[in-house]
Amino acid sequence: GASVVFTTTPFYDGERDALVNEIKRLNLESGEVSSIWRSSSLVNGGTIGPDGRLYFVFQGQSLHACRKDKPRSGVFSFHPPECPGEVTDELWSAHVERWGAHNFNSPNDIVVRRKDGSIWFTD
């Protein structure tokens with residue numbers, strides 16, 4: 001059914017002893033909100049691309065990161081029909097994780113241009 005996907009503000013997760021945030025899905029028909037991704041990599045902005053994939057920018061690990069998490073920094077996407085529940089690591093596609101030899105500082109906003117699929121984001 002129709003849904004809205006959004007990110008949460010960072011919060012402390014006592015189980016992980018880390019600052020985390022989530023990507024959540026709101027089912028517009030039932031009103032149910034579910035978490036589809038939780039990580040200390042701190043996901044920021046998101047958008048939908050012309051290919052139907054959901055694109056997100058990740059800051060990388062927080063200062064109090066969980067050592068079990070694989071840190072993500074840069075632009076990543078997944079295709080919603082492939083994940084009716086939680087998004088697993090295998091479903092993420094990396095588009096850019098660094099600039100030359102440099103890691104990103106704190107990617108935040110993202111736009112995927114519909115005309116040609118080019119990805120624009122702030123750092």
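Here are some questions and answers about the predicted model shown above.

Q: What ground rules apply to this predicted model?
A: Residues are numbered from 1 along each chain as its sequence is written, and side-chain values use heavy atoms, with hydrogens and water left out. Since we're dealing with a predicted model, local features need pLDDT of at least 70 and side-chain atom pairs count only at pLDDT 80 or more, while totals for chains, interfaces and linings use all residues.

Q: What is the mean pLDDT of the protein chain, and which strand has the highest confidence?
A: pLDDT is the predictor's confidence in each residue, from 0 to 100. The chain has a mean of 86, with 91% of its residues at 70 or more. Strands here are DSSP runs (E, at least two residues), numbered from the N terminus. Confidence is lowest in β10 (residues 102-103), at a mean of 84, and highest, at 97, in β11 (residues 110-112).

Q: Where is the pLDDT below 50, and how many contacts does this stretch have beyond near neighbours in sequence?
A: The stretch to watch is residues 63-67, where pLDDT is below 50. A contact means heavy atoms within 4.5 Å. Beyond near neighbours in sequence, the model gives this stretch a contact count of nine.

Q: Which element gives the largest share of the largest nonpolar core?
A: A nonpolar core is a set of buried Ala, Val, Leu, Ile, Met, Phe, Trp, Tyr and Cys residues joined through side-chain atoms within 4.5 Å; buried means under 20% relative accessible area, exposed over 50%, and partly exposed in between (1.4 Å probe, protein chains only). This core has 13 residues, and Ile 23, Trp 37, Phe 56, Phe 58, Phe 78, Val 87 and Trp 92 touch the most other members. Two or more residues come from each of β4 (33-39), β6 (54-59) and β7 (73-78). The largest share, three residues, belongs to β6.

Q: Which residues does Val 87 touch, not counting residues up to four places away in sequence?
A: Val 87 is among the core residues that touch the most other members. Leaving out residues up to four places away in sequence, its contacts are Ile 36, Trp 37, Phe 78 and Trp 92.

Q: How many residues make up the second, separate core?
A: Tyr 55, Val 57, Ile 110 and Val 112 are among the members of this other core. Its full count is five residues.

Q: Why is one side of β5 and of β8 left without a neighbour in the sheet?
A: Two strands pair if DSSP finds at least two bridges between them. The open sheet runs β5-β6-β7-β8 with antiparallel pairing. β5 (43-48) and β8 (93-96) are at the edges, so the reason is that each has a single partner strand.

Q: What is the bridge partner of Phe 58 in β7?
A: β6 and β7 pair in the antiparallel sense over six bridges. Look across from Phe 58 into β7 and the partner is Gly 74.

Q: Is Gly 46 buried or partly exposed?
A: Gly 46 sits in strand β5. Outside the residues up to four places away in sequence, it touches Tyr 55, Phe 56 and Ile 110. Its relative accessible area is 45%, so Gly 46 is partly exposed.

Q: Which residues are linked in a network of salt bridges?
A: A salt bridge is a side-chain nitrogen of Lys or Arg within 4 Å of a carboxyl oxygen of Asp or Glu, and the structure holds four. Arg 38 meets Asp 13 at 3.0 Å, N to O, and also Glu 22, with the closest N and O atoms 2.9 Å apart. Glu 22 in turn meets Lys 24 at 3.4 Å, N to O. That network links Asp 13, Glu 22, Lys 24 and Arg 38.

Q: Is Asp 13 buried or partly exposed?
A: Its salt-bridge partner Arg 38 is partly exposed, with a relative accessible area of 32%. Asp 13 has 7% relative accessibility, so Asp 13 counts as buried.

Q: What is the phi of Leu 42?
A: Leu 42 lies in the loop between β4 and β5, and at 8% relative accessibility Leu 42 counts as buried. Most residues other than glycine have a negative phi. Leu 42 has a positive value, near 55 degrees.

Notes
Helices (H or I, at least four residues) and strands (E, at least two) are DSSP runs, numbered from the N terminus.
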